[in-house]
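Reader: I'd like a close look at one part of this model rather than a tour of everything. Could you pick out a helix, walk me through what it packs on, and follow the thread from there?

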Protein chains: 2
Amino acid sequence: MQEFDLIREYFTWSSDQSSVVLGVGDDGAICSVEPGYGLVTSIDTLIAGVHFPESTGATDIAYKALAVNLSDMAAMGALPKYFTLALTLPEMDPSWLQNFSQSLKQLSEQFGVSLIGGDTTRGSLSITISIIGWIEHSEALRRSGAKIGDGIYVSNTIGDAAFSLWQLQNNDIPDSDCFAKLNRPMPQVELGRSLRGVASACIDISDGLVQDLSHILKASQVGARVEAEQIPLTKVLTDHVTKQSDWSLVLNGGDDYELCFTVPEKNQEMLGDISKRCDVKITQIGVICESGVLEIVGAKNIGKSYQHF
Amino acid sequence: MQEFDLIREYFTWSSDQSSVVLGVGDDGAICSVEPGYGLVTSIDTLIAGVHFPESTGATDIAYKALAVNLSDMAAMGALPKYFTLALTLPEMDPSWLQNFSQSLKQLSEQFGVSLIGGDTTRGSLSITISIIGWIEHSEALRRSGAKIGDGIYVSNTIGDAAFSLWQLQNNDIPDSDCFAKLNRPMPQVELGRSLRGVASACIDISDGLVQDLSHILKASQVGARVEAEQIPLTKVLTDHVTKQSDWSLVLNGGDDYELCFTVPEKNQEMLGDISKRCDVKITQIGVICESGVLEIVGAKNIGKSYQHF
């Protein structure tokens with residue numbers, strides 16, 4: 001089958017965004033940008049066997065490939081608008097493509113983002129999505145704005161995705177809630193939008209709490225003190241940490257796609273309303289301080305950060 | 001080495017574009033868009049062994065990965081502005097990365113595009129670039145505007161890249177000019193910009209003249225008659241076609257990244273000036289006609305179109 005037939009068959013659902021002037025099917029897609037907005041863009045690749053187990057189904061792969069990119073928009077406080085898809089496939093499998101495209105369409109509709117272009121190639125399975133969002137001028141959440149005294153917060157619970165992967169690797173039956181977080185992380189777009197003008201810095205937790213919080217500290221040139229016992233955990237994670245005396249999945253597990261952000265004292269009273277409105281648990285886990293290091297109090301067997309190489 | 005160290009070391013040269021508000025190093029990059037412009041975006045993947053021989057050096061790979069994306073902007077008449085890079089590498093090889101990043105930087109500076117973000121992963125060598133350009137409202141060159149009676153034109157010469165690949169595959173010493181076109185195609189950005197308001201439809205020749213012209217015909221719902229003898233060829237290609245009585249490399253070879261475009265009669269007198277100003281040869285190869293098919297007159301052994309699958 002020719003590339004353009006493949007694209008036409010599986011990836012040309014119509015967009016209802018009026019700003020999409022020209023979608024899939026030309027050398028490039030065309031969008032208009034409303035005055036008052038800037039662009040935010042990022043790109044993320046998922047590779048079979050690296051970012052998801054080889055056994056993962058097309059539905060979950062499509063979901064996650066878009067979700068991790070939506071999560072980058074969330075971490076910037078941006079409104080996701082468009083994405084392009086570079087899909088590398090070992091073979092043409094219509095039922096795989098059907099499931100992949102259906103799942104991608106579903107998540108894209110849920111978040112109001114339009115697929116506007118792409119490229120398909122033959123090779124080992126890999127999915128790259130490039131996403132474009134809009135941001136009101138000067139309102140983006142950067143990594144570099146944390147100040148001494150700011151509280152450090154995370155959304156929902158931490159470590160679930162890594163715990164699920166650990167269970168799979170140890171041939172345990174995976175806990176269903178944790179497994180859902182591994183395969184179907186919920187991009188915190190609404191939370192990110194609500195934190196504009198409230199948070200001083202923000203990042204999404206993709207590589208693990210320690211590594212991602214460290215990015216904020218480095219960009220902001222500050223240190224932090226985190227109380228391990230304050231990190232919100234589900235019951236299975238609490239049991240795991242207690243039983244194994246092992247904090248590595250919580251602190252360095254990654255793949256949670258929750259937000260980690262810092263908030264100046266004057267804005268902290270707004271977090272209760274934001275939590276309610278976004279239906280997201282928000283928990284303070286520490287405080288930004290002067291020391292240039294990240295101090296984790298009360299955790300043993302922290303493990304190592306995820307290394308891309 | 002950690003991903004962010006890798007990025008910092010090789011991919012954070014500063015941008016001199018004032019519209020880049022925030023470049024590499026956060027969850028997303030931020031750009032402003034001037035009033036009066038819309039966005040054009042596309043994405044393209046190159047895979048080792050598929051889009052370039054495994055033996056290709058990092059310098060040529062980087063060049064081509066960006067060039068094919070710049071070529072998409074050229075085909076839309078857009079002004080390339082920014083790009084993001086998703087790089088999948090089998091190993092961390094500092095000298096490879098050094099060559100790759102230097103070459104990427106050089107071409108990006110030549111065309112005034114800024115690298116604003118990226119992702120690095122481990123896996124078989126593959127390079128995906130997502131490019132964003134600006135286009136003046138309603139001035140994009142689409143595939144769908146060709147009208148009956150329009151002349152069909154191509155830039156420079158056709159078939160050189162495919163001939164070079166054919167030579168490599170047949171263990172011939174590759175002709176140096178053709179080899180340069182295979183590894184270092186020149187994106188026709190200036191020509192694309194000049195064709196705004198002049199051409200009625202445009203595409204870049206990546207998959208071969210027949211396949212790419214057919215995209216224009218299908219999108220425009222017209223047919224075409226092309227005179228094979230009018231297709232501009234270098235001397236080595238003319239010799240090859242004559243000797244082998246084989247038009248397949250010319251008609252279905254691909255990888256030329258020249259522009260194929262249609263021009264209404266009233267605008268054809270402008271092409272001389274455009275050719276001079278852009279220092280690009282422009283040759284009429286046929287005419288758009290009513291029949292829904294592409295008729296190639298005077299060519300034997302046409303070969304088959306490039307199939308992505």
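Author: Here is a walk that starts at one helix and works outward to its surroundings.

Before we dig in, keep in mind that this is a predicted model. As for confidence, chain A has a mean pLDDT of 91, with 96% of its residues at 70 or more. The scores for the model are ipTM 0.89 and pTM 0.92.

The helix to look at is helix 2 of chain A, residues 58-76. To see what it sits on, let's begin with a sheet that draws on both chains. That sheet is open and has six strands, ordered 5(A)-4(A)-6(A)-3(A)-2(B)-1(B), with mixed pairing. Its edges are strand 5 (114-122) of chain A and strand 1 (20-22) of chain B, each of which pairs on one side only. Going from one strand to the next, the twist averages 20 degrees. Helix 2 of chain A packs on this sheet and touches strand 3, strand 4 (79-89) and strand 6 (126-136) of chain A. Its direction makes about 30 degrees with that of strand 6 of chain A.

Where do the chains meet in that sheet? Strand 3 of chain A (residues 37-47) and strand 2 of chain B (residues 29-31) run antiparallel and are joined by three bridges. If you want a spot to zoom in on, try A:Val40, which stands opposite B:Ile30 in strand 2 of chain B.

Now for another sheet, made by chain A. Here six strands form an open sheet in the order 8-10-7-11-9-12, again with mixed pairing. Strand 8 (201-204) and strand 12 (294-297) of chain A are the edges, each pairing on one side only. The twist in this sheet averages 25 degrees from one strand to the next. Helix 2 of chain A packs on this sheet too, touching strand 8 and strand 10 of chain A. This time the helix direction makes about 170 degrees with that of strand 8 of chain A. Those two strands of chain A, strand 8 and strand 10 (residues 259-263), run antiparallel, with four bridges joining them. Within that pair, A:Asp204 stands opposite A:Leu259.

Helix 2 of chain A also turns up as part of the cover over the buried residues of helix 5 of chain A, and that cover includes helix 4 (160-169) and helix 8 (235-244) of chain A as well. Which residues of helix 5 of chain A are buried? In that helix, residues 176-183, the buried ones are A:Cys178, A:Lys181, A:Leu182 and A:Asn183.

Helix 4 and helix 5 of chain A are worth a pause. They pack at an angle of about 105 degrees, and their axes are 7 Å apart. Since 65 to 115 degrees counts as roughly perpendicular, helix 4 and helix 5 of chain A are therefore roughly perpendicular to each other. On the helix 4 side of chain A, the contact involves A:Asp160, A:Ala161, A:Phe163, A:Ser164 and A:Leu165. Helix 5 of chain A brings A:Asp177, A:Cys178, A:Phe179, A:Lys181 and A:Leu182.

One last step takes us back to the pair of chains. A turn of 180 degrees, with a shift of 0.0 Å along the axis, lays chain A on chain B with an RMSD of 0.0 Å. The two copies are thus related as by a two-fold rotation axis. The same surface serves both copies, since 98% of the contact residues of chain A recur in chain B.

Technical notes
Residues numbered from 1 in each chain as written. Chains lettered and ligands numbered in written order. Predicted model: local features only at pLDDT ≥ 70, side-chain atom pairs only at ≥ 80, totals over all residues. Pairing = 2+ DSSP bridges. Axes fitted to C-alpha atoms, helices over the stretch in contact; angles between N-to-C directions. Contact = placed C-beta atoms within 7 Å. Buried ≥ 20, exposed ≤ 12 C-beta atoms within 10 Å, placed from the backbone. Least-squares fit on C-alpha atoms with pLDDT ≥ 70 in both. pLDDT = per-residue confidence, 0-100. Parallel < 35°, antiparallel > 145°, perpendicular 65-115°, else oblique.
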